[in-house]
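This report covers the overall form of one chain, a buried helix within it, the contact between two chains, and the domains of the other chain.

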Amino acid sequence: MNRTLLLSLQILVALVILVLWHLATNTGLFGNPKTISFFFADPLKVAQRVIQWFVSGSIWYHLWITLSESILAFLLGAFGGIVFGFWFARRPLIAAVFDPYVKAANALPRVVLAPIFALWFGLGIWSKVALGITLVFFIVFFNVYQGVKEVSQPVLSNARMLGMNERQLLRHVYLPSALSWVFSSLHTSVGFAVVGAVVGEYLGSAAGLGYLIQQAEGVFDVTGVFAGMAVLTAFVLLVDWVMTIIERRLLAWRGQ
Amino acid sequence: MEAVRAVSLKQVAISFEMAGKTRFDAVAATDLNVDAHEFVAIVGPTGCGKSTLLNAAAGLLTPMSGTVEIFGQPLKSLNRQAGYLFQQDSLMPWKTVLENVAIGLEISGVSQSDARKSAREWLARVGLAAFADRFPRMLSGGQRKRVGLAQVLIRNPKLLLMDEPFGPLDAQTRLIMGDLLLKLWSEDRKAVMFVTHDLDEAIALADRVVIMSAGPKSRIIGDFKVRLERPREIGEIRHDPVFNQLHRDIWQALRDEVMTAYRQSSGETA
């Protein structure tokens, strides 16, 4: 299928949904429009609200907060995951001893930690960063662990025969191999960093996109909720797009 | 005093611990010498422990008993004087061709610019000057072997260990690679241990062909001097009467072993 046709079909899907939504909330086609728009909001009003947020500039502060929480959670979580992943992969005894605890910690639904983090780190950004870290850490950790364990044996033997010592092996073989696994899970881990930030904000904060949505829900402002969701979706798509570009540059050696 | 040998294996026996506490005796007590500047090919049926013997000379595995001496010194850890060309893909896929070739010098303390300059020269010698900035996955199997050759030779090892290096390549590419190897080798005639299951390849390349018996407990059952003139042209040499006579002699010795190995492997699967 050629690109233009595909793109027009994709746009068509969005248009159909928007038109149906608009008809349902403004005409009597699907029932009482007042009731429907109470539950589903009016698409035009949602659009108006989004535009109003951007025009007045009030949204930038919340976006900035959510973005910085996500970035911090990703960087710190990824760093921890890389360090511990390496450590566990190179020390089988440690990995064996801690195995059940790692599994237990990973099995815990992280949402329940949010109130505890709020208690420990306050309602500012750090409680959200902490929540994001607990999500990102395990993804990166398991990927690095796998990446170090699955270094190709001939590549490793070859590097040894070329004269590499342990430190050089780490730098030229183990680290690139592990990082390739981290990068290939970049979308997932960055996505989880955003989830951690937004859920944290939703459960208790004074700023951010999650806070915006939670505030709107508190006063049955369905338009505000949908506007918040629209901005959040666009935000995540944008982050994902940036990740794709970064991934393409860093994993050029692997090809598509 | 006798000249110092590049490799001297004395009564080397190698076993592997298998699951269930059984032991697999791969190689029985074996003596093998490779002189400096000598090209020795080791031929044997599949699974006869040729590569195992090579890995013992590389220091990648330690023999159960016996001693390994490299240029007169007992080998205690990894063999630092040897370059090893593996059968499988062993280039670092995350490094470009140039980086892969230069790395051996860089890690030994040569400055990056000098190492890369030298790497470019080596790439030119193996005919890949135009591919310096590609990644290994973008190359064909034969091209990757050329890079591997440059990667190993740039360190100028005194001993070259080769484990069926051209095994995965197609017949034509193998001929070309063989010629390239001989051309590079003839410049300074390093000692070479070349493992292969291809008798033609062994005779065409080597000064001496060593035959190993089928495993387990494989041992050396034949040792043939190759009296063919150098420089050799691998494609042509197969029509030489000396080549054919030697091929017949060696095949006679090898055939029974191949059959034994074949019976054993088919017996296991039955």
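Of the 270 residues in chain B, 41% are buried (20 or more other C-beta atoms within 10 Å of the residue's own; exposed means 12 or fewer, partly exposed in between, with C-beta atoms placed from the backbone). This is a predicted model, in which local features need pLDDT of at least 70 and side-chain atom pairs count only at pLDDT 80 or more, while totals for chains, interfaces and linings use all residues. Residues are numbered from 1 along each chain as its sequence is written, and chains are lettered from A and ligands numbered from 1 in the order in which they are written.

Chain B has 8 helices and 10 strands (DSSP runs numbered from the N terminus: H or I of at least four residues for helices, E of at least two for strands). The radius of gyration of chain B is 19 Å, which agrees with the value near 18 Å for a compact globule of 270 residues (taken over C-alpha atoms; the globule rule is 2.2 Å times the number of residues to the power 0.38). Its C-alpha atoms fill a box of roughly 55 × 50 × 45 Å along the principal axes. Of the contacts in chain B between residues at least 6 apart in sequence, 70% join residues at least 24 apart (a contact means C-beta atoms, placed from the backbone, within 7 Å).

In α2(B), 9 of the 10 residues are buried, so this helix is largely enclosed by the rest of the structure. The buried residues include Val97(B), Glu99(B) and Asn100(B). Their cover includes α3 (112–125) and α4 (141–153) of chain B, together with α9 (166–184) of chain A.

The contact between the chains takes 16 residues from chain A and 20 residues from chain B. On the chain B side, β6 (82–85) and α2 (97–106) each supply at least two residues.

Chain A is divided into two domains, 1–40 and 42–250, with bounds from an automatic or database domain assignment. Their centres, over C-alpha atoms, are 33 Å apart. The contact between them takes 8 residues from domain 1 and 4 residues from domain 2. On the domain 1 side, α1 (3–26) and α2 (33–40) of chain A each supply at least two residues, and α1(A) gives the most, with 5 residues.

The table divides two of these sides by residue class (Ala, Val, Leu, Ile, Met, Phe, Trp, Tyr, Cys and Pro are nonpolar; Asp, Glu, Lys and Arg are charged; the others, Gly among them, are polar).

| Side | Nonpolar | Polar | Charged |
|---|---|---|---|
| Chain B, touching chain A | 12 residues | 4 residues | 4 residues |
| Domain 1 of chain A, touching domain 2 of chain A | 4 residues | 4 residues | no residues |

Definitions and conventions
Contact = placed C-beta atoms within 7 Å.
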